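Biologist: I am new to reading protein models, and I would like to learn how to do it step by step. Could you show me one and let me ask about its features?

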Amino acid sequence: MNYLRHILSDRLWSLIIKEVQQILHNKQIIFLLLFPPTVQLLIFGLALNPAVTHLSLGVVDYSRSADSRALVSALVENQVFQVQTYESRQGDLENQVRTGQVTAGLVIPPDFSQSLARHQPAHVQVLIDGVDANTAGIAQGYMKQIIQRHTQTLNAGQRLPVETEVIFLYNPGLLSSWFFVPGVIGVVLTLTGSLVSSTTVIREKDVGTLEQLLMTPAAGWEILAAKIAPLFVLLMGDVLLASAIGRVIFGLPFRGNYGLFLLLSALYVLVCIGIGILLATLANNQQQVVLISFFFNVPLIQLSGAIAPIESMPPFFRALSFFDPLRHYVQIARSLILKDVGVEALWIHILALSVFAVLFLGVSINRFRTQLS
Amino acid sequence: MPMKRVISQCLKELMQFQRDRITVALALVLPLAVMLIYGYAIRLESKNIPISIQDFDNSFLSRTYVERIVATNQFVPTPLLRGDPTLSIDWGRAKATLVIPPNFSQSILTQTPVTVQVLVDGTDVNNARVIQNGIRAATQFFLSSSHLLPDRPQIQIVADVRLWFNPGRDEALYIVPGIFGVILWVFPSMLAAIAMVREKEEGTIVQIYASDLSATEWLLGKELAYFMVGVGEAILAFSVAAVLFGIRVRGDPTTLLVGTGIFLAAAVAFGLLVGARAGNQTGAVQGTAIAGFLTALLLSGFIYRIENIPMPLSLLSNVIPARYFILITRDAFVRGTGWSGIGVAPGAIALMGGLFFFGAIRTLRRMQFSD
């Protein structure tokens, strides 16, 4: 009971009120809390799209027959490819692929129609711009599939002995924003959280008002608790803002329990505040905070799977990503927003996040206290 | 002699820069660290995708089929949870479940078409498509290797596919030239912005007001100094990439030299503009640095195709200088078509750099510089 009275002491409250006033006076922090998260969510939710559609296709049709035209229209039918130019010479087409004006080129030989009629294998040449290795691979796969299906239709709708029926769960339209927005919510929290908390702490260090606070009877933990509490509330505001944008603009389904989502976001916000304070204790001035935060945030974001899938990373980095708190939050956010799952599926990530929260807050508070004394 | 004054301002700036050891270390180590992380960790093509299999048939044919699917390094089998095909996907243990119906082998033997169902985790959009293509290709391979295809289809079209520039589909060849566009934009501009803000925070800018140095001379000195720091970073980045990733210039190197020069100058000018406008708030600089970083990363076509950015935003990507520089680096390191392949890119970067520098001068003119 004594402890509780202590926590709710007047001194802590007046410290918290001082922090809140300081933050409210600081237009810059309010700006940082509202503007970048909104813009980042909108831009990256809309801009990140790994889809391989509307690839520009250049065609050289030496055959000029009904068969060759049927092949081309089969290729453009489901919009993976889009005919951009018809060239009359193969050299011109090759030049366009070389300079990147078209992504793929199709050369249909003069004897195409005759070969089909004689039931001989009719070869067509496909050139693909391989600079973007991933797109090239997918384009190659599509090209083969489409040609194969077209062949089947030509053979009077003959069916294959085994057919595959693919069902996409949770996101049947494969909307890319549904994949990216939950991840970007995590990225936004990481950047804003660590930025805002490191700036508030280092400012006090820079200006020297920290020493003044130390003169007061307030204990080190009270000073920090008073700093963390309003930041926590403000960053939770960012969580609400981000989920509102996700819901209204991107139509995210939020299938899981929203209370659980808020609770786990709160846990992650604590991790971010811990990172921010840690950055502030590592740096001597604001300039260094800017640079050191890059050192932390770049790997944090990159290994989290928010932007590029974790499955495609080399094994070493895949293992490393387990030590990335953002990875666990992104996984939690995606699961709770898109799938209807609960704690039973997420416990390992919740456990990891709790460990990180305790670790980062503990280490940073400890460093902060030793730097104070 | 204004030129002389610019140079001495530049030398003063460089001396000041190298005195702060931590900043120097970070300025050189950070770009390399970013390059290593991106160069090794960003891969888009998924391998070893966990897939669980529910085989109701459990016959010789169905087991051969499953073997075919996991024989490629694209899929690894993972156990089914509680006999529920969707549970392992729900829990994130598997990305897909393949359901083989009980009549699988019987249907094949009696030549009635049979359908296998593939449940795919659609939350991961990129992987979902890869899984769809992978399963279909493996199924096709299973059919042809087990001689189950109908005897000799009457009509056959064969596509002879050639991948240009990168036949082995080495993803580093795509990613690493893009990294140059990110790090050579972010770090020179950030250092210039920090230097600018520091001058205001520490009040040393007042001394410049008192001297007879004009705003343009002062800015040109800073521009030159951080341009040289940027050149150092560029040389370091290109050499490390050559050693670690085997990325070398193909064909005409002049596009890369000229392009890098213009790009670095534009980056520094951007940093000076941000620093001039930011008041004395480092937080604002940090915010801008992050914004600059994210736009250079995500709106430049570094990871995903630039054509996929929808309409109003695609206009924004047109004014991201990194986008044009990545065009130049990909041409220099991968395509090798030289000046004909990069079009207006150097001009676009130069135009934007000029605007940034002009903006910085205009901002400073409003302060108390001598004319």
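Biologist: How many Å separate the centres of domain 1 of chain B and domain 2 of chain B?

Modeller: Before anything else, keep in mind that this is a predicted model. Taken over C-alpha atoms, the two centres in chain B are 48 Å apart. The domain assignment gives chain B a domain 1 made of 2-42 + 169-365, and a domain 2 covering 49-145.

Biologist: And how far apart do the C-alpha centres of domain 1 and domain 2 of chain A lie?

Modeller: For chain A the value is 50 Å. There, domain 1 is assigned to 2-48 + 174-372 and domain 2 to 55-154.

Biologist: Now the two chains together. How many residues of each are in contact with the other chain?

Modeller: In this model, 101 residues of chain B are in contact with 97 residues of chain A. On the side of chain B that touches chain A, helix α6 (residues 125-145) gives the most, with 12 residues. That side of chain B has 56 nonpolar, 27 polar and 18 charged residues.

Biologist: I'd like to look at sheets next. What is the strand order in the open sheet that ends in β2(B)?

Modeller: Reading a sheet means walking from strand to strand. Here the walk goes β5(A)-β4(B)-β3(B)-β1(B)-β2(B), five strands with mixed pairing. The edge strands are β5 of chain A and β2 of chain B, each of which pairs on one side only. From one strand to the next, the twist averages 30 degrees.

Biologist: How many bridges join β5 of chain A to β4 of chain B, and do they run parallel or antiparallel?

Modeller: Eight bridges join β5 (residues 162-169) of chain A to β4 (residues 114-121) of chain B, and the two run parallel. In that pair, Phe168(A) stands opposite Val120(B). On the other hand, β3 (residues 96-100) of chain B pairs with β4(B) in the antiparallel sense, over four bridges. Val120(B) also has Ala96(B) standing opposite.

Biologist: Which strands does α6(B) touch when it packs on this sheet?

Modeller: Helix α6(B) touches β5 of chain A together with β1, β2, β3 and β4 of chain B, and its direction makes about 170 degrees with that of β5(A). Another helix to find is α3 (residues 60-71) of chain B, lying across β1 (49-55), β2 and β3 of chain B at about 130 degrees to β2(B).

Biologist: There is another open sheet of five strands. Which strands stand at its edges, and why is one side of each left without a neighbour in the sheet?

Modeller: Its order is β2(A)-β1(A)-β3(A)-β4(A)-β5(B), again with mixed pairing. At the edges are β2 (81-87) of chain A and β5 (157-164) of chain B; each has a single partner strand, so one side of each has no neighbour in the sheet. The twist here averages 25 degrees from one strand to the next. Inside the sheet, β1(A) pairs in the parallel sense with β3 (residues 104-108) of chain A over five bridges, and Asp61(A) has Ile108(A) as its bridge partner. Helix α4 (residues 66-77) of chain A packs on this sheet, touching β1, β2 and β3 of chain A as well as β5 of chain B.

Biologist: What about the nonpolar core? Which residues have the most contacts inside the largest one?

Modeller: The largest nonpolar core has 227 residues, and those with the most contacts inside it are Ala104(A), Ile183(B), Ala269(B) and Ala360(B). Helix α7 (residues 172-201) of chain B gives the most to this core, with 21 residues. Take Ala269(B): residues it touches beyond four places in sequence include Phe356(B), Phe357(B) and Ala360(B).

Biologist: Last, the loops. Is Arg82(B) buried or exposed?

Modeller: To decide, count C-beta neighbours: 12 or fewer within 10 Å means exposed. Arg82(B) has 6, so it counts as exposed. This residue lies in the loop between β2 (75-77) and α4 (87-90) of chain B, and its phi is near 50 degrees, a positive value in a residue other than glycine. His54(A) also has phi near 50 degrees, but His54(A) is partly exposed because 16 other C-beta atoms are within 10 Å.

Technical notes: Residues are numbered from 1 along each chain as its sequence is written. Chains are lettered from A and ligands numbered from 1 in the order in which they are written. This is a predicted model: local features need pLDDT of at least 70, side-chain atom pairs count only at pLDDT 80 or more; totals for chains, interfaces and linings use all residues. A residue is buried if 20 or more other C-beta atoms lie within 10 Å of its own, exposed if 12 or fewer, and partly exposed in between; C-beta atoms are placed from the backbone. Two residues are in contact if their C-beta atoms, placed from the backbone, lie within 7 Å. Ala, Val, Leu, Ile, Met, Phe, Trp, Tyr, Cys and Pro count as nonpolar, Asp, Glu, Lys and Arg as charged, and the others, Gly among them, as polar. Two strands pair if DSSP finds at least two bridges between them. A nonpolar core is a set of buried Ala, Val, Leu, Ile, Met, Phe, Trp, Tyr and Cys residues joined through C-beta atoms within 7 Å. Domain bounds come from an automatic or database domain assignment. Axes are lines fitted to C-alpha atoms, for helices over the stretch in contact, and angles run from 0 to 180 degrees between N-to-C directions.
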